[in-house]
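Ready for a couple of warm-up exercises? Have a look at the structure first, then work through the steps.

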Amino acid sequence: MTDARELLGRLGVEEKAALCVGASAWTTVPLAARGVGAVRMSDGPHGVRFVADEQAAVQESLAATCFPTAVALASTWNVDLVRDVAAALGAEAAALGVHVLLGPGVNIKRTPLGGRNFEYLSEDPYLAGELAVAWIEGLQSQGVGASLKHFALNNQEYQRNSIDVSVDERALREIYLPAFEAAVTRARPWTVMCAYNRVDGDLCSQNERLLTRILREEWGYQGLVVSDWGAVRDRVAALAAGLDLEMPGPRPAHVQEIVDAVADGRLPGSRLDDAALRILRMALSAPAAAGAAAVDPDGHHRLARDAAREGMVLLKNEGILPLGRGQTLAVIGRSAMEAKIQAGGSSRVSPTRVDTPWDALVATGAELRYAEGWAADLRPRDDLVRQSVDAARAADVALVFVALPGTLESEGYDRTDLSLPPAQVQLIRAVAAAQPQTVVVLNTGGAVAMAPWIASVPAVLQAWTMGQAGGGALVDVLTGAANPGGKLAETFPLAIHDTPAYLSYPGENGRVRYDEGIFVGYRYYDERKAAVLFPFGHGLSYTTFAYDDLRVSATRFDLGERLRVSFNITNTGAAAGQEVAQLYVHDADARLRRPPKELKGFAKVRLEPGETSRVDLELDERTFAYYDPAHGRWVADAGDFDLLVGASSADIRLRTRVTLTRGTPLPFALTRESSVREWLADPRGKAVLAPLLAVIQEAMARTMGSSDGREAIGMDLDRFLMDMPLVAIVAHGETTPQVSATAMVDALLARAGAMPLDHDGAVA
Ligand code: BGC
């Protein structure tokens, strides 16, 4: 095979520059005379959107399996299944000669209104990261490259091409980057796609901090950085910042700008070489187009059905599901006939076939009555409601199918409302009033508010944007042929004004500040002790599970030691089923404020009635750490941590406490402005200050006219002084007027800084 570096040496600047801008909507520039083919890309992520005409970005694509979208896939919490689905996507892509499939999307769901939430995995960075790793491994196992997107902070669609995001460093590191970091460092996607938006003023396509310092220097990424389609404004600035390939093309003006910039020294030739080399490597190593071989559409349809089934979340069930045999069913709502399998935008796939819920219900042999329920244009229609009520009354059970229709959930703009459209709310209320045995089946790509109607219906099944085989999967779950095994990968709030980002979303004057910081999703609701509609991790089953016998490999452990956590789950009901057990960690002794719990492990187990399985999870150092911006690094503090094992974030069944005996050693960080509390919290600071503290405090107390050294003008002096900078106290107290306060504090700092520490971080 041609060696990429050797070939690079033979290329002129024009050829290298040409490589860095796409040739068409979907391909890179081939160098035919040099034996370099074009790389072919396609969307992604839940099916192959192969547009036959390379010059057309948005045209009807060839038929491909439409798998459940990311929201449904994530709700399976099943990494093996996610890997299998992605491998099937890889096989379909390869058969079409696609080298890179544009997915997965791992942006965090900051607000439930996010237009692309159906295409993203979770509000939780750990869950999104684990699933993204599995997805990329599965896809790339087929010789097809992934494109991890959209890097970074593309958490809303409103003004996505321009909005300037600002987020504090902790939230960036703890919430918005970890899924990218896990995917890059563990699964090595062939490409990373930059986002459209700005971060701290710089477009992501021209963001040197994101594309070079974090992605390459911190995470060691070796693959290719590609632009989101049309995200590049200034080609030279983008290249300088670390963006290798601009898509789509052709854009001869941009190629010329690169050539000129190298010629006049504005762009180092070495940067162009890096980018061209990465593109050459990919073009030379991507397997030749396989042609339409070896895809099994029936098998993939079955896999899509398995995935849809496992991702469906039974939100509420007061004994009405599964449906009994011989019941007459009123099937109400047009989404029973016109299955909602996906949502709008670049991810939209032309399915190979579609199973509707109606057809699947007919296939059960049940006696059915259909009513349209709601109009496609969503205008309230009393006639449709009346027909529905009649159908519901004449049946044993009413199944009400509601979906957020067509264009309400899409790329490019956000949802405007958390509620269902009024016509659907009116329908549900009317049917539920006429028929107490009413089940609501939701096909939405994200959370919806249910306050006006949830109390009046005994069951709600969330079926998501369920993919082409979703209709069959849905009926499997309704009838009990399959036991629902999905759990929410995002919180369902009660109302939009309860949500963490409510006050700062969507931003104004072109900027959005993520004021809620690290308190995203359940981290926020937990911290506020706020009620939610359905918590993160929630999902019911037709059986019950008991948890017991929680054990840890050590109750005291040192940095760098892995901790093993294990427990039993038993199926205590009468049906076989799957449980998603979740492990959360709470830091009881952190120096910085931390959420009450954070997901750090999970496992999905399938159990027959009466069967017990032992779950084993391993926790590494990062599990216990937070990102400390003051030190620019991950830090775990010595002290106690609670390990919480549960069936959801709000249903903790087992807990135990472990102790980290030694925290991350930190460089000496006291400064002139450090407070007494900070001095005392630092072992070296304490060693120096503690013996002097009484004298300093007394001097201060005298200055303040205190008679007993403890109180002055109605103040508790200890508390008053604790959070004052030492230098300010010294200055007030005039302990040694001949020495300035700053000189005195500097001398103390020098003494403290020079003290050696032992292995445990104590003063030696
Ligand atoms: C989307 C990407 C997509 C690309 C190509 C963009 O508008 O943001 O997710 O991969 O188009 O269709």
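**Exercise 1: two helices**

Work out how helix 12 and helix 16 pack.

Step 1. Helix 12 (residues 297-311) and helix 16 (residues 470-479) pack at an angle of about 45°, their axes 8 Å apart. Helices are DSSP runs of H or I with at least four residues, strands are runs of E with at least two, and both are numbered from the N terminus. Axes are lines fitted to C-alpha atoms, for helices over the stretch in contact, with angles from 0 to 180 degrees between N-to-C directions.

Step 2. Angles under 35 degrees count as roughly parallel, over 145 as roughly antiparallel, 65 to 115 as roughly perpendicular and the rest as oblique. Helix 12 and helix 16 are therefore oblique to each other.

Step 3. Who touches whom (heavy atoms within 4.5 Å)? Helix 12 brings R305, A308 and R309, while helix 16 offers G470, G472, A473, D476 and V477.

The model is predicted: local features need pLDDT of at least 70, side-chain atom pairs need 80 or more, and totals for chains, interfaces and linings use all residues. Residues are numbered from 1 along each chain as its sequence is written, and side-chain values use heavy atoms, leaving out hydrogens and water.

**Exercise 2: a sheet**

Find the strand order of the open sheet, then its edges.

Step 1. The 5 strands go 1-3-4-6-9, with parallel pairing; two strands pair if DSSP finds at least two bridges between them.

Step 2. Strand 1 (41-43) and strand 9 (224-226) are the edges, each pairing on one side only.

Step 3. Strand 4 (residues 145-151) and strand 6 (residues 191-194) run parallel, joined by 3 bridges.

Technical notes:
Contact = heavy atoms within 4.5 Å.
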